[in-house]
Amino acid sequence: KKQRDQEERERKRQWIAQHAAEVMETRKSQMLEKRRADEERIQMLAETVWKEQADKKRKDNEERERKRQMIATKAAEDMENRRSEMLEKQRETEENMRRMLEEKKLQDMFRMEKERLKKLDKQRAIQRLQRMEEASRRRHSEKIRADDEKLAELKERRSRLDQERNRIKNEQEQVKQALVDAVERMKTTHKWEPPPGIDITIDVDSIRKHATAAVRRSEGAAGGVSRSAPSVG
C-alpha cells in the first residue's frame, strides 16, 4: 500500500509534472501567442498610429497646402484687385484729365465764341445805331419836307383865300355901290331899276307905304312923349 501510494504519488507527480510542463508550455504558448498578439496589436496600433499620424501629417500638409493655395489665391486675387483698382483709378484719372481738357477746350471755345458774338453784337449794335440814326435823319428830313410842303400848301391856300376874299369883297363893294346908285336913281325916277347882273326886285309902293307908316308911328310916339312930359314933372 505504501508502495502503491508512492507510485500513485509518483504518477501524480509525473502527471502533474507532465501537465505542468504542458500547462507551462501551454502558458508559454499562450504567452508567446499573447506576446505575438500584443506585438501584432502593438504593431497594428503603431501602424494605425503611424497611419493616423501619416494621415494627419498628410491632411496637415494638404491643409497647409490648401491654406497656402488659398493664401496664394487670395494674394493673387488681392493683387489682381489692386491692379484692377489701380487700372480703374488710372482710367478715372485719364478720364478726368480728358474731361478737364475737353471742358477747358469747350470753355476756351465758349469764351472765344462769346468774344466773337460780343464783337459781332457790338458791330450789329453800331450798325443798328447807324441805321436808327439814318432812319431818324430820313424821318427828320421827311418831316421837314412834309412841313415845308404843308407850309407851302397853307401859304398857297391862304393866298387863294386872300384872293378869294378880296374878290368877294370887291364884288360886294361893287354890288353895294351899284345898289346905292340904283337907290339914288330911284329917288329921282321913283322907279326901281336893278343894276346890271343883279336880280333884285323892290316893291316901291310897299316900301313907300311902310315908310309912311313908320313916319306916322314915329310922329305919334313923339307926340305921346310931349304930352306925358308935364306929368313926369
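Visitor: How many salt bridges does a search of the whole structure find?
Guide: Keep in mind that this is a predicted model. The search covers the whole structure, and the number of salt bridges it turns up is 22.

Visitor: Let's pick one. Which residue meets D60 in a salt bridge?
Guide: Look in helix α1, which covers residues 2-189, and go four residues away from D60, about one turn of the helix. The side chains meet there with an N to O distance of 3.1 Å. The partner of D60 is K56.

Visitor: And K56, is that one buried or exposed?
Guide: Its partner D60 sits at 28% relative accessibility, so D60 counts as partly exposed. For K56 the relative accessible area is 52%. The cut-off for exposed is over 50%, so K56, at 52%, is exposed.

Visitor: What about E62 and R58, how far apart are N and O in their salt bridge?
Guide: E62 and R58 are four residues apart in helix α1, so about one helical turn separates them. Both ends are partly exposed: E62 has a relative accessible area of 43%, and R58 has 39%. Their side chains meet in a salt bridge with an N to O distance of 2.7 Å.

Visitor: Further along, which residue forms a salt bridge with D147?
Guide: Stay in helix α1 and step four residues from D147, about one turn of the helix. The closest N and O atoms of the pair are 3.1 Å apart. That partner is K143.

Visitor: How accessible is D147?
Guide: On the other side of the bridge, K143 is exposed, with a relative accessible area of 51%. D147 falls between the cut-offs of 20% and 50%, so D147 counts as partly exposed, at a relative accessibility of 34%.

Visitor: Which residues are linked in a network of salt bridges?
Guide: Here the salt bridges join up into a network. Its linked members are E95, R98, R99 and E102.

Visitor: Zooming out, how many helices and strands are there in the protein?
Guide: Helix α1, residues 2-189, has already come up. The strand count is zero, and the helix count is two.

Visitor: What percentage of the residues count as buried?
Guide: The accessible surface comes to about 21,600 Å², with 55% of it belonging to carbon and sulfur atoms. To count as buried, a residue needs under 20% relative accessible area. Of the 233 residues, the buried share is 3%.

Visitor: Last one: where is the pLDDT below 50?
Guide: Across the protein the mean pLDDT is 78, and 86% of residues reach 70 or more. One stretch has a pLDDT below 50, and beyond near neighbours in sequence this stretch has zero contacts in the model. That stretch is residues 225-233.

Definitions and conventions. Residues are numbered from 1 along each chain as its sequence is written. This is a predicted model: local features need pLDDT of at least 70, side-chain atom pairs count only at pLDDT 80 or more; totals for chains, interfaces and linings use all residues. Side-chain values use heavy atoms; hydrogens and water are left out. Buried means under 20% relative accessible area, exposed over 50%, partly exposed in between (1.4 Å probe, protein chains only). Accessible areas come from the Shrake-Rupley method with a 1.4 Å probe; for residues, only the protein chains shown count as cover. A salt bridge is a side-chain nitrogen of Lys or Arg within 4 Å of a carboxyl oxygen of Asp or Glu. pLDDT is the predictor's confidence in each residue, from 0 to 100. Contact means heavy atoms within 4.5 Å.
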